[in-house]
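Open the viewer and keep the selection tool ready. This tour goes stop by stop.

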Amino acid sequence: MHRLLAFVLALALVPVAAGAAPKAQPAAKTPAAAFADLKARYLAGLFRAKPHLASFMGDHAADGKLPDYSPAALKKRAAELAAQQAELAKLSAAGLAADDRIDAEIIADGIGLERLYLAEIKDWEWDPRLYDSFPVYDPRELVAERLGDLMHGEFAPPATRLAALTALLKAVPKLVAQYQKNLKNPPKLYTEYGIKDNAGRIELVKTEVADFIKKTGDAKAQKAAEAARLAALKALGAYQTFLEKDLLKRSNGDWRLGAARYQKKFPLALATRLTPEQAVERAQASLRKSRGELYALAVKLHQQLFPKQPLPGAKATPAEQAAVINRVKAEIGKDHPPADGLVASHAAGIDRMRAFIVKHNLLALPPKDSLHVTATPLFKRGVTSAEYLAPNLLDKAAAFRATYYVDPIDPTWPKDRVESYLRSNSTPQNELTAIHEAYPGHHVQTWYSKQVPNDLRTALWNAPMVEGWAVYGEDLMVGLGWGGAKNDRYRFLTLRGHLVVAQNIILDVKLHTGQMTEEEAVRFMVEEGYQEKATAEKKLIRAKLDTTQLAQYFLGWDEIRELERDVRAKQGKQFTQRGFNEGLITHGSIGVKYLREYLLGAK
């Protein structure tokens, strides 16, 4: 070895003969090639830092891993992002083709947002729910959601999934220990939901996980999995004790994100050029317009539903208008499923929706068997009334499968609260929710997105575009006559939905920047949005447990409607609804500001 080293050093000292050709240097990468390399490294780094995201997207090498919230890991990730941000700035300055330029802007927002989390938001210090609130693709729960996917997934044989489940269970004690060490002063509400969520998580590990282990794999694999399950169960039980006996009594933090951090998060998380203030101004204008349209339709329906009851005159006061709207709303709300039929009510109209879309030539549709409707798992209940999840979008071999979750009635609720909630989730309203979540909403849009060979756009989806498309889809279906003879009732509910989405963004901005109290928020929803009190109270919890999520619906819907107006004006008689629809959702789940370039040819 020493002789070889001496020989190599001697060669290094030999002068190059005059006229000898210098050693060829590798050609510099083109900006496009350099950017492709950076894009791949950025996505690999994101998945390494967030294995729950990687696993959900279909990178199953991450199935047995959990994120590392140690100070050293967080510092390393911050340095990696800073270096990639500097590299991206140089590449962007060098000039990139249109698609790459858009992807570069998406990466820039992703890096900026993650650096904001690492430096300022730090949700691992105040959210004990074992959630990642970084607003990329749902789900953000770190343990139970992934255990469920491993037990019920179809992406690998049961024995392979058992091995990943075992590794994930082995990682739980370390994650729980890091959370327990990092948590400082959470808001009380977060700790209360952390306790509730963890109880559901423990129940899952005690029952479903134990059953899965018993019937999967060979004896050796089962033994290893059971040992890991018991260790995870012990850690989760200790965490539950910590939450209940220690953390809860010292949870005095503010659930508000705060004006400064909210202002920074808003454009990065939502890919919008609007400021929060400009968005609120648009929402308030929409609220006024929709309220006037809703009242005019309520008068028409009131005459049909209550022909013998007088109506206020042309100069009706706001209180008189509210009375008419609420009377019609209450009558529509009487048509609701029983408490134990709420989930089935959401699924009942899906086949008719598919047929309606085909009849009106709106879009091509995903396979009928690609969507499953079921009750929300116990560990996730109590926050949203419905949720759509489509895992494995980056797994090219996996069949397209998605789940539409419906939050069932909480059995602890008193009868009056149950009735209030069911009136708010009437049969027509549940059909509109199914339109939003399934056809032509999230399920169709996600299927189109899966056809786009761009992993970055799939992983860093733009929520305003996704939610805005779903709201737009409700309008589209009802505008074409969904509901038949009762179409006006559906139109009434969509107009009321316009009030809700406008209120959502106003609530999100004003609550988290300290401009609205909790009491004002509930009163705002009930009195100005004509929402049931039980629904308003649940929405308030949702607003407090998240930031910018409620802003997505109005922001994307408003931008899509503006884009449609501009495309219609440009295309004139050449405009087709199907052409516009498919133009929106064939470029991946990207911000509407980028879709303007594709559909209008201008930045």
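How many ångströms apart are the end C-alpha atoms of helix α2, residues 31–49? Select both ends and check. They are 26 Å apart. At 1.5 Å a residue, the 19 residues should span 27 Å, so the helix agrees with expectation. Keep in mind throughout that this is a predicted model.

**Stop 1: around helix α2**

Stay on α2 and colour its buried residues. They are Ala 34, Phe 35, Leu 38, Lys 39, Tyr 42, Leu 43, Gly 45, Leu 46 and Phe 47. Look at the spacing of those numbers. An α-helix has 3.6 residues a turn, so residues three or four places apart point the same way.

What covers the buried residues of α2? Show α3 (51–57), α4 (71–94) and α5 (98–121). Then add α18 (455–459), which is also part of the cover.

**Stop 2: the whole chain**

Zoom out. The chain holds 25 helices and 3 strands. Its C-alpha atoms fill a box of roughly 110 × 60 × 45 Å along the principal axes. For 603 residues, a compact globule would have a radius of gyration near 25 Å; the chain has 27 Å, which agrees.

Now switch on the surface. About 26,600 Å² is accessible, and 57% of that belongs to carbon and sulfur atoms. Of the 603 residues, 56% count as buried. Next, think about contacts between residues at least 6 apart in sequence: 79% of them join residues at least 24 apart.

Colour by charge. You should find 84 positive and 70 negative side chains. The centres of these two sets lie 2 Å apart.

**Stop 3: Leu 130 and Asn 392**

Most residues other than glycine have a negative phi, and most peptide bonds are trans. The next picks depart from that pattern.

Select Leu 130, in the loop between α5 and α6 (144–152). Its phi is positive, about 60 degrees, although Leu 130 is not a glycine. Is Leu 130 buried or exposed? Its relative accessibility is 0%, so Leu 130 counts as buried.

Move to Asn 392, in the loop between β2 (386–389) and β3. Its phi is also positive, near 65 degrees. Asn 392 has a relative accessible area of 13%. The cut-off for buried is under 20%, so Asn 392 is buried.

**Stop 4: a cis bond**

Select Tyr 439 and Pro 440. The peptide bond from Tyr 439 to Pro 440 is cis, with omega near 5 degrees. Pro 440 sits in the loop between α16 (427–437) and α17 (442–450).

**Stop 5: Ile 409**

Go to the loop between β3 (402–406) and α15 (415–424) and pick Ile 409. Ile 409 is buried, because its relative accessible area is 14%. Which residues does Ile 409 touch, leaving out those up to four places away in sequence? Show Ala 339, Leu 342, Val 418, Tyr 421 and Leu 422.

Now draw a distance from Ile 409 to Gly 292. These two are 117 residues apart in sequence and 33 Å apart in space, C-alpha to C-alpha.

**Stop 6: Asn 252**

Finish in the loop between α9 (219–247) and α10 (259–270), where Asn 252 is found. At 60% relative accessibility, Asn 252 counts as exposed, since the cut-off is over 50%. Beyond residues up to four places away in sequence, Asn 252 touches Asn 185 and Pro 186. Draw the distance to Pro 186. The C-alpha atoms of Asn 252 and Pro 186 are 6.3 Å apart, while 66 residues separate them along the chain.

Technical notes: Residues are numbered from 1 along each chain as its sequence is written. This is a predicted model: local features need pLDDT of at least 70, side-chain atom pairs count only at pLDDT 80 or more; totals for chains, interfaces and linings use all residues. Side-chain values use heavy atoms; hydrogens and water are left out. Helices (H or I, at least four residues) and strands (E, at least two) are DSSP runs, numbered from the N terminus. The radius of gyration is taken over C-alpha atoms; the globule rule is 2.2 Å times the number of residues to the power 0.38. Buried means under 20% relative accessible area, exposed over 50%, partly exposed in between (1.4 Å probe, protein chains only). Contact means heavy atoms within 4.5 Å. Accessible areas come from the Shrake-Rupley method with a 1.4 Å probe; for residues, only the protein chains shown count as cover. Lys and Arg count as positive and Asp and Glu as negative; His and the chain ends are not counted. The place of a charge is taken as NZ of Lys, CZ of Arg, CG of Asp or CD of Glu. The expected span of a helix is 1.5 Å times one less than its number of residues.
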